[in-house]
Amino acid sequence: MKIESTDLYHVDMPLVTPFETSFGRETTRAGILVAVHGEGLTGWGECVASSGPWFSYETTETAWHLLRDFLAPALLGQDVHGPEDVPACYAAVRGHPMARAGLENAVWDLLARAAGLSLAQMLARASRVVPAGRAVPDRVPVGVSVGIEDTVAELVRRVAGYVGQGYGRVKLKIKPGWDLEPVQAVRARWPGLPLQVDANSAYTLADLEVFRALDDLDLLLIEQPLHHDDLVDHARLQAELETPICLDESIQSPEHARWALDLDACRVINIKVGRVGGMTAAVDIHDLCARRGVPVWCGGMLETNVGRAGNVALATLPNFTLPGDISASARYYYQDIAQPDFVLNPDSTVSLPAGPGLGVEVLAGRLAAVSQRHLRIA
Ligand code: SMG
Ligand code: MG
């Protein structure tokens with residue numbers, strides 16, 4: 001498949017509910033939608049870099065720069081046989097995984113559509129641990145990630161709303177000053193609820209007592225408690241805790257995943273396709289963890305239905321044994337740029353859309369309405 005052109009759309013969309021983490025509150029979500037064209041077909045990818053360098057150093061501006069000046073030009077005119085050919089086109093580019101993922105994932109969608117396969121089928125073929133003949137699941141288990149609220153009472157009300165909608169697993173954002181009290185309150189109200197926390201790197205080893213107390217709350221995992229770039233202190237903390245540490249920000253490549261497991265810095269990995277540079281690396285990390293007996297789950301970056309469809313497909317791989325941060329479309333945006341929407345099934349799953357590739361279609365009018373700029377690279 002010869003890549004004939006690429007379109008970049010810088011979007012900004014208001015969130016249905018503001019989302020607050022240890023690094024701040026977001027009321028809108030910026031991102032870049034990437035379309036690649038070849039042989040009359042179009043594939044879509046979503047770059048999940050935020051407006052500012054908080055979750056990672058990447059921003060929509062840095063990703064736009066990388067995509068416009070390095071990544072899309074390197075891919076232009078290339079004859080791509082498989083998605084794994086894409087990272088090879090810009091192997092010399094260091095870092096910037098979210099920018100790379102936006103483009104690579106668009107090619108996965110394009111090639112899946114060309115082959116008449118769903119993305120989930122393509123991913124199963126790419127994995128080295130999926131047994132031959134395994135049927136692709138038609139749904140994946142999901143949970144909801146709940147941001148920091150102004151009061152514990154508001155948090156409990158918010159969680160009650162999501163539990164009432166049918167979410168069977170809840171993740172609470174924590175930060176110093178917003179940790180034991182809210183988590184204990186939610187645990188007391190729902191003693192059997194699968195519950196986990198995410199600190200987004202807000203703590204240090206000096207906070208050991210907070211983690212010892214969280215260790216008693218029967219949590220599924222504690223996500224990214226320490227520095228975003230650290231593995232050594234996470235290994236020290238894991239040695240003190242029964243609850244598995246799950247790394248998010250610290251794992252930006254399959255190499256980071258291997259180093260983290262070798263150091264026992266975590267016992268679960270959150271795979272975000274954007275954070276690790278694309279589906280090829282995401283499958284590699286999945287396979288590594290499967291071979292080592294380490295569970296993984298699919299993280300979320302408040303994606304539109306384009307990114308969400310990719311996450312749902314990824315989460316069909318067999319070692320995604322914990323529910324993903326893949327909530328129903330209605331939790332994020334009033335009107336998504338791609339359809340159909342994802343809805344929550346009563347068993348706290350979302351279903352895979354039908355059709356080849358991602359299984360969602362971008363609506364040109366809706367995309368134009370939320371686009372701040374558009375660039376064609378041809
Ligand atoms: O997509 O439902 C979602 C959000 C999941 O909590 C979520 N993501 O650190 O895991 C994380 C955060 C990062 C969000 S920053 C945009
Ligand atoms: Mg996280």
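In the predicted model, the largest pocket lies between domain 1 (5-118 + 362-377) and domain 2 (123-358), because both domains contribute residues to its lining. The volume of this pocket is about 190 Å³. Its lining comprises Phe23, Trp54, Phe55, Ser56, Tyr57, Asn200, Ser201, His228, Asp229, Glu249, Gln252 and Arg275. By residue class, the lining of the largest pocket consists of four nonpolar, five polar and three charged residues.

The division of the protein that underlies this placement assigns residues 5-118 and 362-377 to domain 1, and residues 123-358 to domain 2. A separation of 22 Å was computed between the C-alpha centres of domain 1 and domain 2. The contact between them involves 42 residues from domain 1 and 48 residues from domain 2.

The extent of an interface is often expressed as the accessible area that is lost when the parts come together. For domain 1 and domain 2, the buried area amounts to about 3,800 Å², with carbon and sulfur atoms giving 64% of it. On the side of domain 1, the residues that lose the most area to domain 2 are Phe19, Phe55 and Arg366, which together account for 17% of what that side buries. Of these, Phe55 is also listed in the lining of the largest pocket.

Polar interactions were also identified between the domains. Two salt bridges are counted between domain 1 and domain 2. A salt bridge is formed by the side chains of Arg25 and Asp150, with an N to O distance of 3.7 Å. In addition, 15 residue pairs are in polar contact across the interface of domain 1 and domain 2, with both residues of each pair at pLDDT 80 or more.

Enclosed space was examined separately from the open pocket. Seven cavities of 30 Å³ or more are present in the structure. The largest cavity holds about 230 Å³ of space. This cavity is lined by 20 residues, of which Phe19, Lys173, Gly300, Met301 and Leu302 are the closest to its centre. Phe19 thus appears in two settings: among the residues of domain 1 that lose the most area to domain 2, and in the lining of the largest cavity.

Note on methods: Residues are numbered from 1 along each chain as its sequence is written. Chains are lettered from A and ligands numbered from 1 in the order in which they are written. This is a predicted model: local features need pLDDT of at least 70, side-chain atom pairs count only at pLDDT 80 or more; totals for chains, interfaces and linings use all residues. Side-chain values use heavy atoms; hydrogens and water are left out. On a 1 Å grid over the protein atoms alone, a cavity is a set of points where a 1.4 Å probe fits but cannot get out, and a pocket is an open set with protein on both sides within 12 Å along at least five of seven lines; lining residues have an atom within 4 Å of a point. Grid points are joined across faces, edges and corners, and a volume is the space filled by probe spheres set on the points. Ala, Val, Leu, Ile, Met, Phe, Trp, Tyr, Cys and Pro count as nonpolar, Asp, Glu, Lys and Arg as charged, and the others, Gly among them, as polar. Domain bounds come from an automatic or database domain assignment. Contact means heavy atoms within 4.5 Å. Buried area is the accessible area (1.4 Å probe) that two parts lose on being put together, summed over both. A salt bridge is a side-chain nitrogen of Lys or Arg within 4 Å of a carboxyl oxygen of Asp or Glu. A polar contact is a pair of N or O atoms within 3.5 Å; within protein, one must be able to donate a hydrogen and the other to accept it, and residues adjacent in sequence count only if both atoms are side-chain atoms.
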